[in-house]
Amino acid sequence: MIQVTAIKRMTRISCLYPLALLPFALVLAATSLHGQTAPLQPLPAPSAATQSAPSAAPQSTTATPPQQPASPTSPQAAPAQDEPITTIKVQVNEVNLVFTVTDKKGRFITGLKRENFGLLDDQRPPVAVLRFTQQTNLPLRVGIMLDTSSSIRQRFQFEQDSAIEFLLQVLHLNDRAFIEGFDIQTDVEQNYTNNIDLLNQGIRKLRPGGGTALFDALYKTCRDQMLTLKEEGAVRRALILVSDGDDNYSRAQESDAIKMCQRAETIVYTISTNVSPSRDKGDEVLRAISEATGGRPFYPTRIEDVAIGFRNIEEELRSQYLLVYRPADLKQDGAFRTIYLHALDPRYQVRAQKGYFAPRPPQ
């Protein structure tokens, strides 16, 4: 994130519009007049016309008068410098959907094709599928959020050690991460960097103590660290939240925090530090946050097993798919649009973001 990523791009075109950028014209499932979804159909392969599009010659979008051929005895006519050039601004609305496929035992399934899935966006099939990639290598923007409240004091060193090992394994050249602790306030000890030594130092600086404002921390982190990211291309935004899920200090509600994560197109993975035999209210909070954002909750049975949760997240990040599509009838109204992505094979389960917020009109 199949961090859904809803991306609004302004493309400035002066003369040429490369046909290589045109989408695959793929038709997905249809919706009935009463809003009930018909059975999802596989994504078909592009038509012959679409397949040949990338190699077609680019066509000009600039209106110019026809040119007279130069005579053999005259020099090649040069374009007039003061001729007006028609510039066309094209707004392209695309959704980048990062998702995971597992079997019923939770094992990751890779190697599937686009025809293995059906998709509805706001109960309608998208206009076009632009790209489908297996095991995406999109740059990762990941935040480690460690609960530093007094309730986890005895478990904190295991969290620190596990987080450091995770970053050592998962960060590649184009990835960046930040380190944050939270109790009643958030404390970003290390901002985005690819330097493992700096991230290690940031984790070691964190100290437990105080109450827990989980929803405030999640809301603020997605707003300030994820929503403000300015990237040239698509990236995966992910948060690893290590906490017992208990909140006793927040002003924001659980729903507020989830909505901000969805606005920031951020997948949240949660690792519970509650190692009691039964799950409590905090564990359900962690589950709700993860599932709404396309992530997954992990419940270690021993505090030493927190590292297993980090390793499972690492494996998932290397086993994801990327689907880029153009939704139908996308209005710039800021409304929430639901996503339904489904594997046609009943043996497989898809985990993806539940939806995204449409872009707002440019100011």
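Start your tour at G118: its bridge partner in strand β14 is H342. Before you go on, note that this is a predicted model, in which local features need pLDDT of at least 70, side-chain atom pairs count only at pLDDT 80 or more, and totals for chains, interfaces and linings use all residues. Residues are numbered from 1 along each chain as its sequence is written, and side-chain values use heavy atoms, with hydrogens and water left out. Helices (H or I, at least four residues) and strands (E, at least two) are DSSP runs, numbered from the N terminus.

**Stop 1: the sheet around G118**

Select β5, which runs antiparallel to β14 and is joined to it by five bridges. Two strands pair if DSSP finds at least two bridges between them. Now add β16: the three strands form an open sheet in the order β5-β14-β16, with antiparallel pairing. The edge strands are β5 (117-121) and β16 (355-357), each of which pairs on one side only. From one strand to the next, the twist averages 20°; the axes behind this angle are lines fitted to C-alpha atoms (for helices, over the stretch in contact), and angles run from 0 to 180 degrees between N-to-C directions.

On the other side of the sheet order, β14 (residues 336-343) and β16 pair over three bridges in the antiparallel sense. Select F336 to see one partnership: its bridge partner in β16 is F357.

Next, show the side chains of β5. In a regular strand the side chains alternate between the two faces of the sheet. Which residues of β5 point one way, and which the other? F117, L119 and D121 point one way, while G118 and L120 point the other way, and all are buried. Buried means under 20% relative accessible area, exposed over 50%, and partly exposed in between (1.4 Å probe, protein chains only).

**Stop 2: two loops**

Follow the chain from β5 to P126, in the loop between β5 and β6 (128-133). P126 counts as buried because its relative accessibility is 6%. Select Y325 as well: P126 and Y325 are 199 residues apart along the chain, yet their C-alpha atoms are separated by 6.7 Å.

Then jump to R347, in the loop between β14 and β15 (348-351). What does R347 touch, leaving aside its neighbours within four places in sequence? It is in contact with T102, D103 and K104, where contact means heavy atoms within 4.5 Å. R347 and K105 are 242 residues apart in sequence and 9.8 Å apart in space, C-alpha to C-alpha.

Show the side chains here too. R347 has a side-chain polar contact of 2.7 Å with D345 and another of 3.4 Å with Y348. A polar contact is a pair of N or O atoms within 3.5 Å; within protein, one must be able to donate a hydrogen and the other to accept it, and residues adjacent in sequence count only if both atoms are side-chain atoms.

**Stop 3: a six-stranded sheet**

Select the strands in the order β9-β8-β7-β10-β11-β12: they make an open sheet with mixed pairing. Its edge strands are β9 (186-193) and β12, each pairing on one side only.

At one edge, find Q190 in β9. Is Q190 buried or exposed? It is buried, because its relative accessible area is 17%. Not counting residues up to four places away in sequence, Q190 touches F178, I179, L198, L199 and G202.

At the other edge, β11 and β12 pair in the parallel sense over two bridges. Click on I271, whose bridge partner in β12 is F298.

**Stop 4: helix α6**

Select residues 281-293, the 13 residues of helix α6. At 1.5 Å a residue (times one less than the number of residues), α6 should span 18 Å, and its end C-alpha atoms are 19 Å apart, which agrees.

At the start of α6, a side-chain oxygen of D280 reaches to within 3.1 Å of the backbone nitrogen of G282. Just after the helix, G294 takes a positive phi of about 90°.

The buried residues of α6 include V285, L286 and I289. They pack against elements including α4 (214-226), β10 (236-243) and α5 (254-263).

**Last stop: two cysteines**

Select C222 and C261. Why is there no bond between them? Their sulfurs are 3.1 Å apart, too far for a bond, since a disulfide is a pair of cysteine sulfur atoms within 2.5 Å. By this rule the count comes to zero disulfides. C222 counts as buried, at 0% relative accessibility, and C261 is buried at 0% too.
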